[in-house]
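Biologist: I am new to this model and would like a close look at one part of it. Please take me through that part slowly, starting from the overall layout.

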Amino acid sequence: TLKPVFMIPTLSEEQIALKEKSHGDWKDLSNEERIRLYRASFPTTIAEQKHPPSYGYQIMGRALWFLSLIFPIYYMIKTYVLNPAPYQLHPDYQLMLADRLDALHQNPVWGAQSKYYDEGHLKPREQGGY
């Protein structure tokens, strides 16, 4: 539904002069004068009534409200509901486990992976993990 359109109650002197000029032949009016005359009678077009210039800001505002409601809920779920990650997933534990398996000679590597071994022992790792 469209909002009701009200005519501008007070016109400036330029708009009054344009209104007087419009009582004559409309062929004498330029396109710019016709647009200004229309805007003097109707401040907004039908398209502007359906989607006002602030429509994008309304959408962005709603999205920000949604995010402001979601983040506290996410934080509470992460803090109070979800279990912490198991210690086996920690990178330090995985490095320690790999070193232990190498020390016990478990799962010896041969073929293309053997370039990481020197005389049956794992070469030292470069900084940065795997």
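Which pattern does the chain follow when it is read along the sequence, and which residues of α2 are buried?

Modeller: This is a predicted model, in which local features need pLDDT of at least 70 and side-chain atom pairs count only at pLDDT 80 or more, while totals for chains, interfaces and linings use all residues. Residues are numbered from 1 along each chain as its sequence is written, and side-chain values use heavy atoms, without hydrogens and water.

Read from beginning to end, the chain follows the pattern α-α-α-α-α-β-β, and its secondary structure comes to five helices and two strands (DSSP runs numbered from the N terminus: helices are H or I of at least four residues, strands E of at least two). Of the 130 residues in the chain, 7% are buried (under 20% relative accessible area; exposed is over 50% and partly exposed in between, with a 1.4 Å probe and protein chains only). If we take the contacts (heavy atoms within 4.5 Å) between residues at least 6 apart in sequence, 41% of them join residues at least 24 apart.

With that background we can turn to α2, whose buried residues are Glu-33, Leu-37, Ala-40 and Ser-41. These four residues cover an arc of only 95 degrees around the helix axis, and therefore they lie on the same side of α2 (the arc is taken from the directions from the axis to the C-beta atoms). What do the buried residues of α2 pack against? Their packing partner is α1, and a look at the side chains that pass between α1 and α2 fills in the picture.

How many salt bridges does the structure hold? There are two (a side-chain nitrogen of Lys or Arg within 4 Å of a carboxyl oxygen of Asp or Glu). One of them joins Arg-36 to Glu-14, with the closest N and O atoms 2.4 Å apart. Because Arg-36 belongs to helix α2, which runs over residues 31-41, and Glu-14 to helix α1, which runs over residues 13-22, this pair ties together parts that are 22 residues apart in sequence. Arg-36 itself counts as partly exposed, because its relative accessibility is 33%.

In another salt bridge, the side chain of Glu-33 meets that of Lys-21, with an N to O distance of 3.1 Å. Here again distant parts of the chain are linked, since Glu-33 sits in helix α2 and Lys-21 in helix α1, twelve residues apart. Are the two partners buried or partly exposed? Glu-33 has a relative accessible area of 15%, so this residue is buried, whereas Lys-21 has a relative accessible area of 40%, so this residue is partly exposed. Glu-33 therefore deserves a second glance, because this residue is buried and also takes part in a salt bridge with Lys-21.

On the α1 side, Ser-22 is worth following as well, for this residue is found in helix α1. Is Ser-22 buried or exposed? With a relative accessibility of 10%, Ser-22 counts as buried. Once its neighbours within four places in sequence are left aside, Ser-22 is in contact with Leu-29 and Leu-37, and Leu-37 is one of the buried residues of α2. Taken together, the part you asked about can be read through the buried residues of α2 that pack against α1, through the salt bridge of Arg-36 with Glu-14, and through the salt bridge of Glu-33 with Lys-21.
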